[in-house]
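Me: Hi! Could you help me work through this structure with a few questions?

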Amino acid sequence: MAEVKREVFGHMPPEEGGGEVEKFVLQSGSVRVEILSLGCIIAALETKGRDGQFADVVLGFDTLEGYTRKHPFFGAVVGRVANRIAKGRFTVDGKEYQLFLNNGPNSLHGGAKGFDKVLWSPQVLPNGVCFFRISPDSEEGYPGELKVWVTYTLNGSELAINYRAQTSKTTPVNLTNHAYFNLAGQGSPDIYDHEISIEADSYLPVDDTKIPTGEVAAVQGTGFDLRQPVQLGKHLKKFHLEGFDHNFCLPPGRARRLVARAHHPPTGRTMEVHTTQPGLQFYTGNNLDGSLKGKGAAVYPKHSAFCLETQNWPDAVNKPHFPSTLLLPGEEYDHTTWLCFSTA
């Protein structure tokens, strides 16, 4: 059984509405996780290497101030809709909705003030913490009042993240966590020596604004074939790739299944991702540029972390042949992702 502690992490600035930000520490014999009530942010995740030493493997900041400034969603739960919506526009029940554009011509991760930038109400559980908030009707342009629960539980070396939501009007919902991982330890310069595999036979090609073209393309014979482990640095070079920022289409079904694995041979750290979601956004920190000072004064250059964001497919609300992101009144959105840590 994990131990759970809570403490004050800081106070939101008055211009952000004030309010106390708490930190919840979940600890087992092999994993230690720190989670904030601001944005349900995973602020630290420590796991053992082959030498028995703990290292923090997620990017972030030492103080609240870092998280209240602009940053690339380090560790946060993003929503109401994770990923991109083309032109920030969609139609539901014959009515067109326009969202804030915060990623070129598109809306990204919920808009100007998404779920990552708000305080959630916490409830401590025996082996975790449940965060709750109500997203008001028309928040960031989305229809319907949305009740949302995000629950983190730690069992041994397994961190489970469960997302639940209920709506008063039909609305798109797509929730994920945006933790940036480096299994060598946060602050390590790159992820080129990591081995990555993703259990996906197809992926979504994108246009130059990162919106899926609508094609569902086979990975066979391409640089997107990660069904067998590849060493990331060599693989990017071999296929002349700038990095990944793409949705991988997972085997259909609502059951838990293993969808990705990251392994760092020098330390032996391994992370497996299991989920009930239909998609996985693999992102290699292409937009990190060393300008942010992170924990322990570390800088985070390009390709110094990766994200494995379990979610629905991007822009699905505008593509009827994609799995639907629409949640209807009376239905419940309910998805779980499991992160399993080990050394090998």
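Me: Which residues does His178 touch, not counting residues up to four places away in sequence?

Reply: Happy to help, and keep in mind that this is a predicted model. His178 sits in the loop between β16 and β17. Leaving out residues up to four places away in sequence, His178 touches Pro72, Phe73, Phe74, Gly75, Ala76, Val78, His109, Tyr283, Cys307 and Glu309.

Me: Is His178 buried or exposed?

Reply: Let's use the cut-off: buried means under 20% relative accessible area. His178 has 4% relative accessibility, so His178 counts as buried.

Me: Which residues does UniProt list for "active site"?

Reply: The record here is an unreviewed entry. The listed residues are spread over 132 residues of sequence, yet they cluster in space, with a largest C-alpha distance of 6.2 Å. The lining of the largest pocket takes in both His178 and Glu309. The residues UniProt lists are His178 and Glu309.

Me: In which strand does Glu309 lie?

Reply: Glu309 counts as buried because its relative accessibility is 2%. Its contacts beyond four places in sequence include His109, His178 and Tyr283. The strand, covering residues 307-311, is β25.

Me: Why is strand β13 largely enclosed by the rest of the structure?

Reply: Good one! Strand β13 runs antiparallel to β12, joined by eight bridges, and antiparallel to β14, joined by 10 bridges. Strand β13 is largely enclosed because, of its 10 residues, the number buried is eight.

Me: What is the bridge partner of Leu154 in β14?

Reply: The hairpin of β13 and β14 has two residues between the strands, and Gly156 takes a positive phi near 60° there. Across the pairing, the partner of Leu154 is Leu159.

Technical notes. Residues numbered from 1 in each chain as written. Predicted model: local features only at pLDDT ≥ 70, side-chain atom pairs only at ≥ 80, totals over all residues. Heavy atoms only, no water. UniProt positions renumbered as here; feature names shortened; annotations may be inferred. 1 Å grid on protein atoms, 1.4 Å probe; cavity = no way out; pocket = protein on both sides within 12 Å on 5 of 7 lines; lining within 4 Å. Helix = DSSP H or I, 4+ residues; strand = E, 2+ residues; numbered from the N terminus. Buried < 20%, exposed > 50% of the residue type's maximum accessible area, 1.4 Å probe, protein only. Contact = heavy atoms within 4.5 Å. Pairing = 2+ DSSP bridges.
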